[in-house]
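Hi,

Here is the structure I said I would pass on. Have a look at it first, and then read on for what turned up.

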Amino acid sequence: MANFNTHLNTAVIVTGLGSAALLSAGHVDLSGALWLWFLGSIGGLLPDIDSDNSTSLDTIFNLFALSAVLLVLHYITTELIITISFVELIVVPLLVYGFMKYIIRPIFERITVHRGSCHSLLFLVLCALLTTQVTWKLNDQSTAQAATFAWLAGGFILFGGLIHLLLDEVYSVDLNNVTIKRSFGTALKIADFDNKLITLASIVAIAGLIYIAPPTKQTIIALSDWSNFRFLS
């Protein structure tokens, strides 16, 4: 199994190249490309969220907590249109962070097993669709650009996660002794069919997210045009 640094560095490099290609082709602006790069890098760590006390788990939950804080503050100030005081700016993030760290994380650690449901294509698709939906809701849903960027955001989560699973499988092969380790096949799998309840719940959630997903027609048309891409100036 590849270690934390290998997962992170590979995801950063590969998804960075992907976001740079989209920027060069004019599909996203600089801020969008940087955000996609960030999401792809997070996706590269995402499957190890089921590994208790791991560096990946700590990193991912800290980033999740930060994202939750920003989303809550965004909702309060833009949707509820409430002006919050200096003290509230301190208290609200602390409450959200504490909720993520001391309530959500222990529950997640209890119900997950390493290389279980989170190390599967089904989990990555679920995370990608969730990211697509959240990104779309946070932008102007009336524009085709918002839908396109939402799908790109979800796609980069999926892209980074696939890199992680592929690395785990590659590291399961001992090239020196030409042998396959016992861990081979436990990372890159469709779903964890040993846990039927979670698998079924994931399938239902994916079906629901597909039903309410942003439109795809304009996204496919936009991403099919690479005429502006320049490899060299």
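T148 sits in helix α6. This is a predicted model, by the way, so please read everything below in that light. T148 has a relative accessible area of 8%, so with the cut-off for buried at under 20% it counts as buried. What does T148 touch once its neighbours within four places in sequence are left aside? The contacts are Q218, T219, A222 and L223. With one of these, T219, there is also a polar contact: the two side chains, T148 and T219, are joined at 3.4 Å.

That brings us to the second largest pocket, because T148 turns up there too. Along with G26, H27, V28 and A222, T148 is among the residues nearest the centre of this pocket. The whole lining comes to 18 residues, and the space inside is about 310 Å³. Both α6 and α8 (217-223) supply at least two residues of the lining, with α6 giving the largest share, 5 residues. By class, you will find 8 nonpolar, 8 polar and 2 charged residues around the second largest pocket.

Now for the largest pocket. How much space lies in it? About 1,400 Å³. Its lining runs to 46 residues, and those nearest the centre are F64, C127, L130, T131 and V134. The elements that contribute two or more residues to this lining are α2 (30-43), α3 (55-79), α4 (86-111), α5 (121-137), α6 (144-170) and α7 (196-211). Which of the elements gives the most? That would be α3, with 9 residues. As for the make-up of the lining, 32 residues are nonpolar, 12 are polar and 2 are charged. Helix α6 is worth colouring when you open the file, since α6 appears in the linings of both the largest pocket and the second largest pocket.

Another threonine deserves a look: T15, in helix α1 (residues 4-24). Buried or exposed? T15 counts as buried, because its relative accessibility is 0%. A polar atom of the T15 side chain lies 2.5 Å from the backbone oxygen of A11. Not counting residues up to four places away in sequence, T15 touches W37, G40, S41, F156, F159, G160 and I163. Among those, W37 and G40 fall in α2 (30-43), while F156 and G160 fall in α6 (144-170).

Stepping back to the chain as a whole: there are 8 helices and 2 strands. Going from the N terminus, the order is α-α-α-α-α-α-β-β-α-α. Of the 233 residues, 40% are buried. If you take the contacts with a separation of 6 or more, 74% of them are between residues 24 or more positions apart.

Last, a word on confidence. The mean pLDDT of the chain is 84, and 87% of the residues reach 70 or more. The stretch to watch is 174-179, where pLDDT is below 50 and the model has 4 contacts beyond near neighbours in sequence. Predicted coordinates should not be read in detail where pLDDT is low.

Shout if anything looks odd on your screen.

Cheers

Definitions and conventions. Residues are numbered from 1 along each chain as its sequence is written. This is a predicted model: local features need pLDDT of at least 70, side-chain atom pairs count only at pLDDT 80 or more; totals for chains, interfaces and linings use all residues. Side-chain values use heavy atoms; hydrogens and water are left out. On a 1 Å grid over the protein atoms alone, a cavity is a set of points where a 1.4 Å probe fits but cannot get out, and a pocket is an open set with protein on both sides within 12 Å along at least five of seven lines; lining residues have an atom within 4 Å of a point. Grid points are joined across faces, edges and corners, and a volume is the space filled by probe spheres set on the points. Helices (H or I, at least four residues) and strands (E, at least two) are DSSP runs, numbered from the N terminus. Ala, Val, Leu, Ile, Met, Phe, Trp, Tyr, Cys and Pro count as nonpolar, Asp, Glu, Lys and Arg as charged, and the others, Gly among them, as polar. pLDDT is the predictor's confidence in each residue, from 0 to 100. Contact means heavy atoms within 4.5 Å. Buried means under 20% relative accessible area, exposed over 50%, partly exposed in between (1.4 Å probe, protein chains only). A polar contact is a pair of N or O atoms within 3.5 Å; within protein, one must be able to donate a hydrogen and the other to accept it, and residues adjacent in sequence count only if both atoms are side-chain atoms.
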